[in-house]
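These notebook entries record what I looked up, taking one site or element at a time.

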Amino acid sequence: MARLTIPPQELVHPGHAACPGCGAALAMRLLLKGLGSRTVVSVPACCWTVIATPYPTTALGVALLDNPIESTGASISGIRAAVDALGLPDVTVVGFAGDGGTADIGLQALSGMLERRTNAIYVMYDNEAYMNTGIQRSGATPEGAWTTTTPVIGVGRGKPERKKDIMAIVLAHRPVYAATLNPSFPEDFVRKVETARGIPGPRFFHIFAPCPPGWRFTSEATIEIGRLATDTGVFPLYEVEDGRLRITRRLSSLKPVEEYLSRQGRYGHLTGAERERIQAQVREGWERLRREESVGPPPGPVRPGVAATSGPEPATVDSG
Amino acid sequence: MIEIRFHGRGGQGAVVASELLAQAAFLDGKHPQSFPFFGVERRGAPVTAFCRLDDRAVRLRTSITRPDIVVVLEPGLLRAGGVMDGLPPGGLLLVNSRDDPARLPAPPEVRRASVDATAIAVAHGLGTPMLPIVNTAVLGALAAASGAVRLDALERAIDRFVPARPAQNRAAARDGFGAVRLAPAEVAVRAPPVRAGRTLRAGLELPDGPLAVVSSATIATSAWRTMRPEIDLGRCTRCNFCWKFCPDDAIELNAEGYPVVRLEHCKGCGICAVECPPGTIAMVAEG
Ligand SMILES: Cc1ncc(C[n+]2csc(CCOP(=O)(O)OP(=O)(O)O)c2C)c(N)n1
Ligand code: SF4
Ligand code: SF4
Ligand code: SF4
Ligand SMILES: [Mg+2]
């Protein structure tokens, strides 16, 4: 019998309302394996609100709060303050938000949470569009991808703009730990979660979350497509601790991006020239990552400290 | 007024079927109304849509809890529960099924009809064999079994509102019209249906506070599935890959480390079959 390479505990219950083959569902399952039961999760409006709460039930074996789509960062700052006020320092506070709710609508709250040095983990699970409302493009949708608001009709060729680099935005805030995670690599995934759990301060995970209906592929291919995303260089796996970048899945050569694109209906319309352009961008991104790894962190203090609690000092209560 | 409730899965076209029926009835001079249940429309998940047809404007705006007709786009949904809710004696149950209508699992005082809409859809190249688009064939059968709408109105509605393959969809509707089989109610009931007050199904009362404390594991998602994994344990190496990658936590490892699929929760995504290194998991069609 093979030994288990990831923790056995299951804190995501079956019966949840994700589509068959949902990468985001597997992401939460692996995340909570790494974090354990002393965790509070805050979820904004996104697929996961619906997945977690088929009325009148909950799919999480940990405390779960729903919050407005733009407020995840603010919400986890508040939860951290409350947990600290209750004297529960061992509790991990997590915000679990979609790419639309993070890279677009909730960007200011994320920035504020990182700047305040909130002792919490912010997760962006990236299915690369607003999926819960029916596949509208987001800032995290890749160039060329079909969505219902970037249709392939007339002059429309999918999304004309490039994907926002959320990791660069986050790293500009100097978090204590930030990493890219992919459920197709469960051991690397859980190791990063366990590493981050032990470092107090603002932390960030960018999690790759293949979405069968939104990306137009059949549900059995979720893990294969995730693996291809990393092995083609589309979604490289790395972590940044105290400003030091380390690639966690080293590749001597990248697979052709075409192997990734051709598995998904959302890229079906792309011409050879358009595919070449994406290939060139991916190669450039991979080279940049390798350069950053070899150069090392910039000089100067990279960890500006951790807020004892977040937000303003609580008002003193006059007990007299 | 005729009240019709459609049951399908996300992706099968139940909502479109209800809308198309309403459009056809409108072309026929009726006052129709059509809307889906406001809920999750995940691919494979049970989906409900409502359609009312009347000679006068329809003012009711509520979900249909006492339907005159229930239309089921896939026989597996009869397992899901709730499908037959409120269907009165003398009401009509139409199911996309190869079975003889008399063998449909329904109370004997209900009129039953079946049509092999899957075969018709596949023959006309509508959808894929895994997810055939059966709605137009079923609507043809509905026209024949109920008279709620005329076939020619249905064909005109298909021409105007179905963007893809209108000719094939019209042919499917005609084939459904011809292929429907009927079993009469075993007890003839003529009394008008009694309109009962709203009843909540057991276990779905409002909770006392905003906290959900009941686990989603109490909800079966087996009816989402059209394919089921079958593991050949003789060739299993107990590598636990299938367990690791299941997004639905539907695979347990037993004391010896062998995987056991919890069929009440498996949604049939097929990931375990693809990820099993020795290929000992086969996806087989649900009956
Ligand atoms: C301020 C606001 N605007 C719009 C919505 C509607 N809404 C609910 S979920 C959702 C999609 C969110 O997309 P994303 O964050 O990428 O998560 P996903 O659904 O893709 O998992 C939207 C737009 C909302 N709830 N609040
Ligand atoms: S739409 Fe995509 S992300 Fe949302 S539940 Fe379905 S598979 Fe998961
Ligand atoms: S088919 Fe999908 S849901 Fe069912 S056991 Fe396999 S991986 Fe889990
Ligand atoms: S993946 Fe295949 S070989 Fe491995 S435990 Fe599952 S059934 Fe057995
Ligand atoms: Mg999204």
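**Entry 1: Helix α9 of chain A**

I began by listing the buried residues of α9(A), which are A:T222, A:I223, A:I225, A:G226, A:L228, A:A229, A:T230 and A:D231. The model I am reading is a predicted one. Helix α9 of chain A covers residues 222-231, and 8 of its 10 residues are buried, so the helix is largely enclosed by the rest of the structure.

I then looked up what encloses the helix. Within chain A, the buried residues of α9(A) pack against α1 (23-35), β7, α8 and α10 (257-261). From chain B, they pack against α6 (241-245) and α7 (271-275). Just after α9(A) I noted A:G233, which takes a positive phi of about 90°.

**Entry 2: Helix α5 of chain A**

Next I turned to helix α5 of chain A, residues 107-115. Its buried residues are A:A109, A:L110, A:G112, A:M113 and A:L114. I found that these buried residues pack against elements of chain A, namely α3 (72-85), α4 (99-104), β5 (120-126), α6 (166-171) and β7 (202-208).

α5(A) is followed by A:R117. This residue lies in the loop between α5 and β5 of chain A. I noted that A:R117 is not a glycine, although its phi is positive, at about 60°. Is A:R117 buried or exposed? Its relative accessibility is 8%, and a residue under 20% is classed as buried, so A:R117 counts as buried.

**Entry 3: The loop after β5 and the magnesium ion**

I found another residue with a positive phi in the loop between β5 and α6 of chain A, A:E128. Its phi is about 65°, and A:E128 is not a glycine. With a relative accessible area of 5%, A:E128 is buried.

Which residues coordinate the magnesium ion (ligand 5)? I recorded A:D99 through OD, A:N127 through OD1 and A:A129 through O, at 2.0 to 2.1 Å. The spacing of these donor residues in sequence is D-x27-N-x1-A. A:N127 and A:A129 are both buried.

**Entry 4: Ligand 2**

A:N127 came up again when I listed the surroundings of ligand 2. The residues there from chain A are A:A18, A:C19, A:C22, A:C47, A:I51, A:N127, A:M131, A:C211, A:P212 and A:P213, and B:R42 is there from chain B. Residues of chains A and B surround ligand 2, so I entered the site as shared between chains. In chain A, α2 (47-52) and α8 (212-215) are the elements that give two or more residues to this shell. By class, the shell has 9 nonpolar, 1 polar and 1 charged residues.

**Entry 5: Ligands 3 and 4**

I closed with the cavities. Which ligand sits in the largest cavity? I found ligand 3 there. Around ligand 3 are B:P229, B:C246, B:I251, B:C266, B:K267, B:G268, B:C269, B:G270 and B:C272. I divided this shell by class into 6 nonpolar, 2 polar and 1 charged residues.

Ligand 4 takes the space of the second largest cavity. I counted 14 residues around ligand 4, the closest being B:C236, B:C239, B:N240, B:C242 and B:C276. The shell of ligand 4 has 10 nonpolar, 3 polar and 1 charged residues.

How values were computed: Residues are numbered from 1 along each chain as its sequence is written. Chains are lettered from A and ligands numbered from 1 in the order in which they are written. This is a predicted model: local features need pLDDT of at least 70, side-chain atom pairs count only at pLDDT 80 or more; totals for chains, interfaces and linings use all residues. Side-chain values use heavy atoms; hydrogens and water are left out. A residue is near a molecule or strand if one of its heavy atoms lies within 4 Å of it. On a 1 Å grid over the protein atoms alone, a cavity is a set of points where a 1.4 Å probe fits but cannot get out, and a pocket is an open set with protein on both sides within 12 Å along at least five of seven lines; lining residues have an atom within 4 Å of a point. A molecule sits in a cavity or pocket if more than half of its atoms lie within 2 Å of its grid points. Ala, Val, Leu, Ile, Met, Phe, Trp, Tyr, Cys and Pro count as nonpolar, Asp, Glu, Lys and Arg as charged, and the others, Gly among them, as polar. Donors are N, O and S atoms within 2.8 Å of the metal (3.2 Å for Na, K and Ca); water is not among the atoms, so sites may look incomplete. Buried means under 20% relative accessible area, exposed over 50%, partly exposed in between (1.4 Å probe, protein chains only). Helices (H or I, at least four residues) and strands (E, at least two) are DSSP runs, numbered from the N terminus. Contact means heavy atoms within 4.5 Å.
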